[in-house]
Amino acid sequence: MLRSALMSITLAMPALIAVAGPAESASAGAPSRLLADDAFQQDCLKAHNTYRARHGVPAMRTEPEGIEAAKKSAAYYAQKGSIDHTSPYKAGRAENLYLASFSGGRVAACADAVNAWYDGIKDYNFNDPDNLASFNNWGRFTQVVWKSSTRLGCAPGTRTDSGRTTTYIVCLYNPPGNVQGQFGSNVPRPVK
């Protein structure tokens, strides 16, 4: 019962939106297309595991089924043109979403998304970890470092409208984190 109540809160959580204007578009020589699948997965895994090491929790590994589910979810959100935690492809996994829109064909990297999610640490109260009053501000951070979540699948989707390219990044976590009553044992303070 507690898990389903918390998952409802997670589903209502807004995603971060980053918008850049022409001056912030891709730098010279930057690719104007998505990274290849393997490079994208490595970018996601490295960003997650860098933050997880900071908290002394085990490194994640990629999960092929999670990657496939994330690809379907990213395509779903790109086709829809919005992110709202309604993807039917998650298959019981926790979901972090990121949307960034840039002019000039630039797309967001997975590290951009993970850095934005981790930024929620500033709102997390390690002294009162199960107080969900501000969950929408820090829930993405806690999922990134959630000790019991050990498998990861991420994927990008893109959509171009009126000269702007929007990247939809989906990361799926298995087993899912953000379980009420378990924050204290799964989200330790940074050790590094």
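Are Cys154 and Cys171 buried or exposed? Both Cys154 and Cys171 are buried. The structure discussed here is a predicted model, and the report starts from its disulfides.

**Disulfides**

A disulfide is a covalent bond between the sulfur atoms of two cysteines. Searching the whole structure gives 2 disulfides. With bonded cysteines counted along the chain, the disulfides follow the pattern 1-2, 3-4. The table lists them.

| Disulfide | S to S distance | Torsion about the S-S bond |
|---|---|---|
| Cys44 and Cys110 | 2.1 Å | about 115 degrees |
| Cys154 and Cys171 | 2.2 Å | 115 degrees |

The torsion of about 115 degrees means that the disulfide of Cys44 and Cys110 is right-handed. Cys44 belongs to helix α2 (residues 37–54) and Cys110 to helix α4 (residues 110–118), so this bond ties together parts that are 66 residues apart in sequence. Cys44 and Cys110 are buried.

The link of Cys154 and Cys171 is right-handed. Because Cys154 sits in strand β4 (residues 151–161) and Cys171 in strand β5, the pair ties together parts that are 17 residues apart in sequence. Leaving out residues up to four places away in sequence, Cys171 touches several residues, among them Cys44, Cys110, Trp117 and Cys154. The contacts of Cys171 thus include both cysteines of the other disulfide.

**Nonpolar cores**

Cys171 is also one of the residues with the most contacts inside the largest nonpolar core, a list that includes Trp117, Ile169, Tyr173, Phe183 and Val187 as well. This core has 34 residues. At least two of its residues come from each of α2, β3, α4, α5 (135–145), β4 and β5. Helix α4 gives the largest share, 6 residues. There is a second, separate core of 12 residues, and Leu97, Ala155, Tyr168 and Val170 are among its members.

**Strand β3 and its partner**

In a regular strand the side chains alternate between the two faces of the sheet. In strand β3 (residues 94–103), Ala94, Asn96, Tyr98, Ala100 and Phe102 point one way. Glu95, Leu97, Leu99, Ser101 and Ser103 point the other way. Which of these residues are buried? The count is 10 of 10 residues in β3, with both sets of side chains included.

Strand β3 runs antiparallel to strand β5 (residues 164–174), and 10 bridges join them. Within β5, Leu172 is the bridge partner of Glu95.

Glu95 is in contact with Ser73 as well. Ser73 is part of helix α3 (residues 64–80). Its relative accessibility is 0%, which is why Ser73 counts as buried. Besides Glu95, and apart from neighbours within four places in sequence, Ser73 is in contact with Ser87, Tyr89, Lys90 and Val170.

**Helix α2**

Helix α2, which holds Cys44, has 18 residues. At 1.5 Å a residue, α2 should span 26 Å, and its end C-alpha atoms are 26 Å apart, so the two values agree. The buried residues of α2 are Phe40, Gln41, Cys44, Leu45, Ala47, His48, Asn49, Tyr51 and Arg52. An α-helix has 3.6 residues a turn, so residues three or four places apart point the same way. Elements that cover the buried residues of α2 include β2 (61–62), α3, α4, α5, β4 and β5. Just after α2 comes Gly56, with a positive phi of about 70 degrees.

**Aromatic pairs**

A pair of aromatic rings is described by the distance of the centres and the angle of the planes. The structure has 12 aromatic pairs. One of them joins Tyr124 and Phe126, with 4.8 Å from centre to centre and 90 degrees between the planes, and this pair is edge-to-face. Tyr124 has a relative accessibility of 6% and therefore counts as buried.

Phe135 and Phe183 form another pair: the ring centres are 6.4 Å apart and the planes stand at 75 degrees, so this pair is edge-to-face too. Phe135 lies in helix α5 and Phe183 in helix α6 (residues 183–186), and the pair links parts of the chain 48 residues apart. Phe135 is buried because its relative accessible area is 1%, and Phe183 is buried at 0%.

Which residues do ring pairs link into a cluster? The members are Tyr51, Tyr118, Tyr124, Phe126, Phe135, Trp138, Phe141, Trp146 and Phe183. Tyr51 of this cluster is one of the buried residues of α2.

Conventions: Residues numbered from 1 in each chain as written. Predicted model: local features only at pLDDT ≥ 70, side-chain atom pairs only at ≥ 80, totals over all residues. Heavy atoms only, no water. Helix = DSSP H or I, 4+ residues; strand = E, 2+ residues; numbered from the N terminus. Buried < 20%, exposed > 50% of the residue type's maximum accessible area, 1.4 Å probe, protein only. Contact = heavy atoms within 4.5 Å. Pairing = 2+ DSSP bridges. Disulfide = S-S within 2.5 Å. Core = buried A, V, L, I, M, F, W, Y, C linked by side-chain atoms within 4.5 Å. Phe/Tyr/Trp six-rings, centres within 6.5 Å; stacked < 30°, edge-to-face > 60°. Expected span 1.5 Å × (residues − 1).
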